[in-house]
Amino acid sequence: MLSVLCVVMAGVLWGCMGILTRTMNEGGFYPLEVTAFRAFITIVVMFVFMLLFKRKELKIKIKDIWIFLGTGIVSVAFFNICYFTCMTLTTLSNAAILLYTAPAIVTVLSALIFKEKMNAKKLVCVLMAFAGCILVAGGFDGKSLSLMGILTGLGAGLGYALYSIFSRFAIERKYTSFTVTTYTFTFALLGCAPFIKPGHFISCLTGDVRKIPLYIILVLFNTVAAYLLYTFGLKGLENSVASVIASIEPVVATIVGIVLFGEKVNISGIFGMILVLGSCVIVGLKLKRKKESIS
């Protein structure tokens with residue numbers, strides 16, 4: 001159950017991401033600049049830590065670089081570019097809903113690539129999680145949907161899902177969560193760099209230097225710790241199961257919005273949170289029974 005706990009904690013920390021993004025947006029940062037800042041701080045922290053305590057784990061094989069190009073550029077960078085583009089083309093709720101097609105994409109790709117078993121209970125959990133995310137996000141706004149909005153939203157879901165897929169390849173090659181996180185954000189920064197305006201980024205960063213420590217602390221929790229926990233959790237879980245459990249993220253984000261930002265939630269949103277939490281519970285019970293039957 002340690003793996004489940006790690007993924008739950010990752011989802012909780014990702015759900016608190018709004019604290020960082022809103023704080024940095026108030027400072028004038030563009031969304032992709034927030035992503036680049038997260039990547040840069042993660043790289044610095046991880047490389048210093050690895051050089052001091054896990055130097056051997058910094059070594060990767062040349063033939064495996066494609067894996068980290070996958071987690072960094074194809075997943076993290078591509079996901080963020082698509083997601084923030086989608087938010088400019090449609091409503092925030094539509095973008096969030098399209099993003100959370102990720103568990104379904106993970107389930108299908110994991111069945112095709114890693115031969116993970118598809119069964120009724122797993123499919124029900126995926127559908128419950130997706131339906132819950134729709135309700136939490138407030139439902140589709142069909143009038144605000146466009147073809148490019150749909151495509152970029154689905155692209156965000158695909159990019160989000162591909163982190164689990166590429167990370168699985170890394171885990172099978174015995175790379176640790178520290179190695180995966182370090183090189184993921186190294187390549188993610190390279191992927192985001194062409195879209196960043198250095199002058200604007202620096203002016204925002206120096207606009208109120210007192211906030212920089214707060215930014216760094218938030219990144220340590222909702223990026224460094226979250227990705228380490230999720231990648232570690234993948235070692236003991238199927239990709240599809242981990243993806244469903246991580247769907248707790250929008251539930252936590254909603255709670256954070258209510259508690260810290262005075263946002264309101266309606267009955268459908270509450271029902272959506274129950275659906276997402278229910279899917280996590282079902283997955284957890286299934287894992288517990290499986291463990292008991294083995295023992």
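Select Gly27 to begin: in this predicted model the residue is partly exposed, because its relative accessible area of 29% falls between the 20% limit for buried and the 50% limit for exposed. Gly27 sits in the loop that joins α2 (17-26) to α3. Now add Ser203 to the selection. The two residues are 176 places apart along the chain, yet their C-alpha atoms are separated by 9.8 Å. Show the contacts of Gly27 as well; leaving aside residues up to four places away in sequence, Gly27 touches Cys204 and Tyr215.

**The largest pocket**

Next, display the pockets. The largest pocket has a volume of about 1200 Å³. Its lining is made of 42 residues, and those closest to the centre are Gly18, Thr21, Tyr83, Ala96 and Ala253. To see where the walls come from, colour α1 (2-15), α2, α3, α4, α5 (92-99), α7 (120-137) and α13 (248-261), each of which gives two or more residues to the lining. With eight residues, α13 has the largest share. Coloured by residue class, the lining of this pocket shows 26 nonpolar, eleven polar and five charged residues.

**Helix α4**

Select α4, residues 65-89, one of the helices that line the pocket. At 1.5 Å a residue, its 25 residues should span 36 Å; the C-alpha atoms at its ends are 34 Å apart, which agrees. Centre the view on Phe78, where α4 has a kink of about 30°.

**The largest cavity**

Switch from pockets to cavities. Two cavities of 30 Å³ or more are present in the structure, and the largest has a volume of about 140 Å³. Which residues lie nearest the centre of the largest cavity? Select Trp14, Tyr160, Tyr163, Ser164 and Tyr230, which hold that position among its 13 lining residues. Then show α4, α8 (147-172) and α11 (212-234), since each of these helices supplies at least two residues of the lining. The largest share, four residues, comes from α8. By class, the lining of the largest cavity has ten nonpolar residues, three polar ones and no charged ones.

**Helix α9**

Move on to α9, residues 177-192. Its 16 residues should span 22 Å at 1.5 Å a residue, and its end C-alpha atoms are 22 Å apart, which agrees. Is α9 mostly covered or mostly uncovered? It is mostly covered, with twelve of the 16 residues buried. The buried residues of α9 include Val180, Tyr183, Phe185, Phe187 and Cys192. Ser177 and the threonines Thr179, Thr181, Thr182 and Thr184 are also buried, as are Ala188 and Gly191. To see what lies over these residues, show α3 (31-53), α4, α8 and α11, which are among the elements that cover them.

**Two lysines in loops**

Finish with two lysines. Lys174 is in the loop between α8 and α9. Its phi is near 70°, a positive value in a residue other than glycine. Lys174 counts as exposed because its relative accessibility is 71%, over the 50% cut-off.

Then select Lys115, in the loop between α6 (102-113) and α7. Phi of Lys115 is near 60°, again a positive value in a residue other than glycine. At 63% relative accessibility, Lys115 counts as exposed.

Definitions and conventions. Residues numbered from 1 in each chain as written. Predicted model: local features only at pLDDT ≥ 70, side-chain atom pairs only at ≥ 80, totals over all residues. Heavy atoms only, no water. 1 Å grid on protein atoms, 1.4 Å probe; cavity = no way out; pocket = protein on both sides within 12 Å on 5 of 7 lines; lining within 4 Å. Points joined across faces, edges and corners; volume = space filled by probe spheres on them. Nonpolar A, V, L, I, M, F, W, Y, C, P; charged D, E, K, R; others polar. Expected span 1.5 Å × (residues − 1). Buried < 20%, exposed > 50% of the residue type's maximum accessible area, 1.4 Å probe, protein only. Contact = heavy atoms within 4.5 Å. Bend = angle between axes of the 7 residues up to and from the residue.
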